[in-house]
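Me: I am new to reading protein models and would love a close look at one part of this one. Could you walk me through the last helix and what lies around it, and tell me how far to trust the picture?

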Amino acid sequence: MNILKILLLVFTTSLLTANDASTTYLRKCAGCHGHNGDNTVLGKSKIINQMKADEIEEALYNYAAGTCDVEVPVCEPKNPMIQHGKKSFVQNHTKEQIQALAVYISELK
């Protein structure tokens, strides 16, 4: 019986994490990147649903830190307004939330 309770807890937690990433994406990312992550931002960014989770995470952190420029292959060219938004996003979310979001985006199609 205890094993069943543990499995239920793990399953519920994984569903909540997926739901959080989905909600976060729809609220914070979809407006520019599209519902399925298939839009370019300002006609310059990569289509994020074609990126791997680690590339998405790297790009987000680099962009937020201001270390992203055109030489960084996983980042779109710098834009101060976008950089401010991503910096704020990184500051207000945990590493685990950002990782979950990156995985969620990489699985969009």
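**A close look at the last helix**

Reply: Happy to help! The protein has 5 helices and 0 strands, so along the sequence the pattern reads α-α-α-α-α, with helices counted from the N terminus. Please keep in mind that this is a predicted model. Of its 109 residues, 35% count as buried. The protein exposes about 7,200 Å², and carbon and sulfur atoms supply 59% of that area.

Let us begin with trust. The average pLDDT of the protein is 80, and 74% of the residues score at least 70. Your helix is a good choice: among the elements of the protein, α5 has the highest mean pLDDT, 96, while helix α1 (residues 2-28) has the lowest, 67. Over residues 12-17 the pLDDT stays under 50, and for that stretch the model has 1 contact beyond four places in sequence. Where pLDDT is low, the predicted coordinates should not be read in detail.

Now to the helix itself. Helix α5 covers residues 95-106, which makes 12 residues. Here is a check you can follow: at 1.5 Å a residue those 12 residues should span 16 Å, because the expected span counts one less than the number of residues. The end C-alpha atoms of α5 are 16 Å apart, which agrees.

Next, which residues of α5 are buried? They are Ile98, Ala100, Leu101, Ala102, Ile105 and Ser106. A general point helps when you look at such a list: an α-helix has 3.6 residues a turn, so residues three or four places apart point the same way. Try turning the model with Ile98, Leu101 and Ile105 in view, as these are among the buried residues of α5.

Ser106 deserves a longer stop. This residue is found in helix α5. Its relative accessibility is 18%, so Ser106 counts as buried, the cut-off being under 20%. The side chain of Ser106 reaches the backbone oxygen of Val103 at 2.8 Å. Leaving aside residues up to four places away in sequence, Ser106 touches Asn49, Met51, Lys52, Ala53 and Ile56. One of these, Lys52, is 54 residues from Ser106 along the chain, yet the two C-alpha atoms are separated by 5.5 Å. Across the protein, among contacts between residues at least 6 apart in sequence, 48% join residues at least 24 apart.

One step further along we meet Glu107, in the segment after α5. Is Glu107 buried or exposed? With a relative accessible area of 58%, Glu107 is exposed, because the cut-off is over 50%. Glu107 and Gln50 are 57 residues apart in sequence and 8.6 Å apart in space, C-alpha to C-alpha. Gln50 lies in the loop between α2 (30-33) and α3, and with a relative accessible area of 63% this residue is exposed too. The C-alpha atoms of Glu107 and Asn36 are separated by 9.4 Å, although their positions lie 71 residues apart along the chain as a sequence separation.

Ile56, touched by Ser106, leads us on to helix α3. Helix α3 (residues 53-65) has 13 residues and reaches 18 Å from its first C-alpha to its last, close to the 18 Å expected at 1.5 Å a residue. The buried residues of α3 are Ile56, Glu57, Ala59, Leu60, Asn62, Tyr63 and Ala64. What covers them includes α4 (80-91) and your helix, α5. Just after α3, Gly66 takes a positive phi of about 80°.

Finally, a word on the cysteines. A disulfide is a covalent bond between the sulfur atoms of two cysteines. How many disulfides does the structure hold? The number is 0. Cys29 is in no disulfide, and the nearest cysteine sulfur, that of Cys32, is 8.8 Å away. That distance is too far for a bond, because a disulfide needs the two sulfur atoms within 2.5 Å. Cys29 counts as buried because its relative accessibility is 12%.

To gather up the picture of your helix: α5 has the highest mean pLDDT among the elements, and α5 is among the parts that cover the buried residues of α3. Ser106 of α5 is itself buried, whereas Glu107 is exposed.

How values were computed
Residues numbered from 1 in each chain as written. Heavy atoms only, no water. Helix = DSSP H or I, 4+ residues; strand = E, 2+ residues; numbered from the N terminus. Buried < 20%, exposed > 50% of the residue type's maximum accessible area, 1.4 Å probe, protein only. pLDDT = per-residue confidence, 0-100. Contact = heavy atoms within 4.5 Å. Areas by Shrake-Rupley, 256 points an atom, 1.4 Å probe, with all protein chains shown as cover. Polar contact = N/O pair within 3.5 Å; in protein donor to acceptor, adjacent residues only side chain to side chain.
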